[in-house]
Amino acid sequence: MLSAPVDPLEAYREGLALARRAGMNWFQAVPAAYEAALAVAPNKTERSDWACVLYDTRTAWMRAYERRPTGFAL
């Protein structure tokens, strides 16, 4: 049994991973993952901050979801 995500980033990543395994494309997957991430943020300020972070990094997330190079080195 999966435990509930404890932070927005984990919720987003988990939502995208589940969607990809289900065969969804990026545009099908991202709305639910985005909502899941914001739902676990503890307050309005953090939800707003996470909304900005996810928006600003959307291209890298999309490329990773599609298993393309993200353009970022770790």
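Here are legends for a set of close-up views of this predicted model.

**View 1. The whole chain is a run of four helices.**
Take in the full protein before zooming: it has four helices and zero strands. Going along the sequence, the pattern reads α-α-α-α. Of the 74 residues in the protein, 24% are buried. Look at contacts with a separation of 6 or more, and 51% of them link residues 24 or more positions apart.

**View 2. Helix 1 has buried residues along its length, and other helices help cover them.**
Helix 1 takes in residues 8–21, which is 14 residues. From its first C-alpha to its last it reaches 20 Å, close to the 20 Å expected at 1.5 Å a residue. Which residues of helix 1 are buried? They are Pro8, Ala11, Tyr12, Glu14, Leu16, Ala17 and Ala19. Helix 2, helix 3 and helix 4 are among what covers these buried residues. As a general aid for reading the view, an α-helix has 3.6 residues a turn, so residues three or four places apart point the same way.

**View 3. Helix 1 and helix 2 pack against each other.**
Here the two helices meet at an angle of about 150 degrees, and their axes are 8 Å apart. Angles over 145 degrees count as roughly antiparallel, so that is the word for helix 1 and helix 2. Their crossing is right-handed. On the helix 1 side, the contact is made by Pro8, Ala11, Tyr12, Gly15, Leu16 and Ala19. Helix 2 answers with Trp26, Ala29, Val30, Ala33, Tyr34, Ala36 and Ala37. Sorted by class, that gives twelve nonpolar residues, one polar and no charged.

**View 4. Helix 2 also packs against helix 3.**
Now shift to helix 3, which covers residues 44–56. Helix 2 and helix 3 pack at an angle of about 145 degrees, with axes 9 Å apart. The crossing is right-handed. Tyr34, Ala37 and Leu38 of helix 2 make the contact with Arg47, Trp50, Ala51 and Leu54 of helix 3. The tally for this contact is six nonpolar residues, no polar and one charged. Tyr34 and Ala37 may look familiar, as they also belong to the contact of helix 1 with helix 2.

**View 5. Glu46 sits in helix 3.**
Zoom in on glutamate 46, a residue of helix 3. Is it buried, partly exposed or exposed? Glutamate 46 is partly exposed, with a relative accessible area of 32%. Find proline 8 as well: along the sequence it is 38 residues from glutamate 46, yet in space the two are 9.3 Å apart, C-alpha to C-alpha. Proline 8 is one of the buried residues of helix 1.

**View 6. Helix 2 meets helix 4 at a slant.**
Helix 2 (residues 26–39) and helix 4 (residues 58–65) pack at an angle of about 125 degrees, with their axes 11 Å apart. Helix 2 and helix 4 are therefore oblique to each other. Their crossing is right-handed. Which residues meet here? Trp26, Phe27 and Ala29 come from helix 2, while Arg58, Trp61, Met62 and Tyr65 come from helix 4. By class, the residues of this contact are six nonpolar, no polar and one charged.

**View 7. Met62 and Arg63 are neighbours in helix 4.**
Start with methionine 62, which is in helix 4. Leaving aside residues up to four places away in sequence, methionine 62 touches Trp26, Phe27 and Arg68. Its C-alpha atom is 10.0 Å from that of alanine 29, which is 33 residues away along the chain. Arginine 63 is in helix 4 too, and it is partly exposed, with a relative accessible area of 31%. With the same residues left aside, arginine 63 touches Arg68, Pro69 and Thr70. Arginine 63 and tryptophan 26 are 37 residues apart in sequence, and their C-alpha atoms are 9.2 Å apart in space.

**View 8. Arg67 has an unusual backbone angle.**
The last stop is arginine 67, in the segment after helix 4. Most residues other than glycine have a negative phi. Arginine 67 is not a glycine, but its phi is positive, at about 60 degrees. Arginine 67 is also exposed, with a relative accessible area of 65%.

Technical notes. Residues are numbered from 1 along each chain as its sequence is written. This is a predicted model: local features need pLDDT of at least 70, side-chain atom pairs count only at pLDDT 80 or more; totals for chains, interfaces and linings use all residues. Side-chain values use heavy atoms; hydrogens and water are left out. Axes are lines fitted to C-alpha atoms, for helices over the stretch in contact, and angles run from 0 to 180 degrees between N-to-C directions. Angles under 35 degrees count as roughly parallel, over 145 as roughly antiparallel, 65 to 115 as roughly perpendicular and the rest as oblique. A crossing is left-handed if the near helix is turned anticlockwise from the far one by less than a right angle, and right-handed if clockwise. Contact means heavy atoms within 4.5 Å. Ala, Val, Leu, Ile, Met, Phe, Trp, Tyr, Cys and Pro count as nonpolar, Asp, Glu, Lys and Arg as charged, and the others, Gly among them, as polar. Buried means under 20% relative accessible area, exposed over 50%, partly exposed in between (1.4 Å probe, protein chains only). The expected span of a helix is 1.5 Å times one less than its number of residues.
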